[in-house]
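Reader: I'd like to know where the labels in a description like this come from. Could we take them one at a time?

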Amino acid sequence: MATGRDDFVIAIRSAFLKKKDKQKFSLLTLIFVSIFVIVLSNLNFKPIQFVKLGINEVIYRSSHIASIPENKFKEITSKFQSHIDLYESHQKEVIKIENSEQLKLQNEFLIAENKKLRELLDEKIDSQEIFARVLIDKDSPYLKSVVLNKGTKDKVKIGMAVIDEVYLVGQIIEVNYSNSRALLLSDLNSKIPSVLEPDDIQAVVSGTGSNFGTIEHTKIDYKETLNNKEIIAYTSGIGGLFKPGIPIGKIDSSSEGQINFFSDFTQLNYVKIVSYKFGGDK
Amino acid sequence: MSSLNKSPFLKIFLSYLPIIILFFSVFNEFDFNYLKLDYFAFNFVHLLIFFWTLRNPDQLGYLAIFFAGIINDVVIGIPIGISSFCYLILCSVTAYLRNITLSPNFIKDWISLLFTILLINSIQVIILDLVFLIKVDYTNYLINSGFTFLFYPIFFLFFNFLNERISYQTND
């Protein structure tokens with residue numbers, strides 16, 4: 001029995017402390033170093049933050065270069081798919097154009113009316129837009145985020161909205177000198193205050209880790225008000241980070257309460273990083 | 001062909017191939033997610049580290065594994081050091097297995113892999129969820145562990161072939 005325990009101790013000691021011919025460090029040393037790094041990365045000391053920013057800068061750029069072949073392959077696949085779907089998508093676009101002509105006229109009137117009403121309320125929203133390219137679009141099963149090529153040198157700040165065309169796709173969670181990371185709406189940690197129209201229900205759109213979102217912190221009986229209607233989720237502006245009315249996604253009768261985001265997060269190439277200034281804010 | 005087999009470039013390239021594949025896979029995510037198949041993902045890096053540190057640790061240094069972990073953390077956006085720690089735990093299990101095994105056996109290795117993956121994924125979930133308060137999808141982790149376990153035989157054949165080539169070149 002004692003011999004067995006001795007063997008076990010010898011095997012463990014040998015595994016952690018013994019170095020093979022080409023190994024420069026023992027496992028135990030490196031395990032301690034990694035624990036030390038985890039603890040340091042959790043601390044908010046300035047020198048550590050600078051080191052972290054430096055590491056991020058170098059690795060993001062290297063990863064972008066290393067991902068070029070993979071991205072080219074994705075691009076070719078996507079182009080090939082769009083050629084195959086050409087006829088079908090053309091038919092859909094024709095119907096969309098017919099509808100949008102009618103909506104355009106209605107929209108112009110509503111914009112003018114909205115502007116007038118905001119002036120009456122003395123409520124003004126200014127926005128500042130920064131165009132950015134997606135450097136790394138790593139669809140990790142654990143964290144849904146993208147790395148953008150604009151950072152503190154372009155005045156990007158944490159919390160700014162990331163917009164694809166007119167649709168919200170996420171918000172900035174980490175800023176380095178020349179790049180930044182945006183957390184996508186689909187991530188489990190993403191929570192966006194929103195309003196469900198046309199019933200004007202306040203809710204929080206939460207990511208699920210998949211390519212759809214869910215509604216949280218809302219009226220318990222909100223599902224009863226859906227009644228086979230198409231519900232659009234917009235940002236509510238509560239929280240003061242985003243302006244109200246940025247489209248997020250829609251819930252239709254077939255989606256069983258899931259929000260289908262308007263933007264396809266796997267196809268992001270260029271996005272806008274937007275900050276909003278509300279009336280009276282300096 | 002025989003002159004190609006004796007080429008010094010090929011010899012050097014093959015000896016560094018496991019490290020090249022490791023760094024290539026942490027820079028490019030090797031989880032087949034772009035196939036858009038829900039819940040189909042496996043951790044290629046875990047398989048790579050498990051095989052090479054178990055069968056031929058001289059080809060994959062612990063320091064390289066440590067740095068690969070740091071890069072992986074930065075690229076996927078989780079706190080720095082977590083992947084390194086998990087990869088090194090994987091290495092310590094393989095080092096222990098190496099010490100207690102006289103004759104390597106594929107089935108024993110495969111079963112050990114299952115327990116090791118479950119252990120390191122649990123450690124990762126605990127650190128992310130309980131320490132850093134980052135929400136993670138447990139189902140994804142579980143399915144990922146399952147597929148990683150199931151794919152080991154396929155990659156074992158590939159890595160074993162590579163290992164034999166490296167041994168052949170080195171001993172030549």
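**Where the labels come from**

Author: Let's start with a helix pair: H2(A) and H5(B) are roughly antiparallel to each other. This is a predicted model, where local features need pLDDT of at least 70, side-chain atom pairs count only at pLDDT 80 or more, and totals for chains, interfaces and linings use all residues. Residues are numbered from 1 along each chain as its sequence is written, while chains are lettered from A and ligands numbered from 1 in the order in which they are written.

Reader: Why are H2(A) and H5(B) called roughly antiparallel?

Author: Look at the angle: the axes of H2 (residues 27–42) of chain A and H5 (residues 82–100) of chain B cross at roughly 160° and come within 8 Å. Axes are lines fitted to C-alpha atoms, for helices over the stretch in contact, and angles run from 0 to 180 degrees between N-to-C directions. Under 35 degrees counts as roughly parallel, over 145 as roughly antiparallel, 65 to 115 as roughly perpendicular and the rest as oblique. At roughly 160°, the pair therefore earns the antiparallel name. The crossing of H2(A) past H5(B) is left-handed, too (the near helix is turned anticlockwise from the far one by less than a right angle; clockwise would be right-handed).

Reader: Which residues make the contact between H2(A) and H5(B)?

Author: Leu27(A), Leu30(A), Ile31(A), Ser34(A), Ile35(A), Val37(A) and Ile38(A) come from H2(A), and they meet Ile82(B), Ser84(B), Phe85(B), Leu88(B), Cys91(B), Ser92(B) and Ala95(B) of H5(B). "Contact" here needs C-beta atoms, placed from the backbone, within 7 Å. By class that's 11 nonpolar, 3 polar and no charged (Ala, Val, Leu, Ile, Met, Phe, Trp, Tyr, Cys and Pro are nonpolar, Asp, Glu, Lys and Arg charged, and the others, Gly among them, polar).

Reader: What makes H3(A) roughly perpendicular to H4(B)?

Author: H3(A) packs against helix H4 (residues 62–76) of chain B at about 85°, with the axes 10 Å apart. That angle sits in the 65 to 115 range, so H3(A) is roughly perpendicular to H4(B). Here Ile55(A), Asn56(A), Ile59(A) and Ser63(A) meet Ile71(B), Val74(B) and Val75(B), a set of 5 nonpolar, 2 polar and no charged residues.

Reader: And at what angle do H3(B) and H5(B) cross?

Author: Roughly 30°, with the axes of H3 (residues 44–55) of chain B and H5(B) coming within 9 Å. That's under 35, so they count as roughly parallel. H3(B) passes H5(B) in a right-handed crossing. Among the residues in contact are Ile49(B) and Phe50(B) of H3(B), and Leu90(B) and Cys91(B) of H5(B). The classes there are 8 nonpolar, 3 polar and 1 charged.

Reader: How many residues does each chain bring to the contact between A and B?

Author: Chain A brings 44 and chain B brings 41. On chain A's side, H1 (2–17), H2, H3 (46–66) and H4 (68–84) each supply at least two residues, and H2(A) gives the most, with 10. That side has 20 nonpolar, 14 polar and 10 charged residues.

Reader: How do you know that E7(A) and E8(A) pair?

Author: Count the bridges: 4 of them join E7 (residues 201–207) to E8 (residues 212–216) of chain A, running antiparallel. Pairing asks DSSP for at least two bridges, so E7(A) and E8(A) pass. Gly207(A) stands opposite Gly213(A) in E8(A). Both strands belong to a closed barrel of 6 strands, E6-E7-E8-E11-E10-E9 of chain A, with antiparallel pairing. Neighbouring strands there are turned by 40° on average, direction ignored.

Reader: In what order do the strands of the barrel with E1(A) close?

Author: E1-E2-E5-E4-E3-E12 of chain A, 6 strands with antiparallel pairing, and the twist averages 45° from one strand to the next. E2 (residues 145–148) and E5 (residues 180–184) of chain A share 4 bridges; in E5(A), Arg181(A) is the bridge partner of Val147(A). H3(A) packs on this sheet, touching E1 (125–136) and E2 of chain A, at about 60° to the direction of E1(A).

Reader: What makes something a helix or a strand here?

Author: Both are DSSP runs, numbered from the N terminus: H or I over at least four residues for a helix, E over at least two for a strand.

Definitions and conventions:
Two residues are in contact if their C-beta atoms, placed from the backbone, lie within 7 Å.
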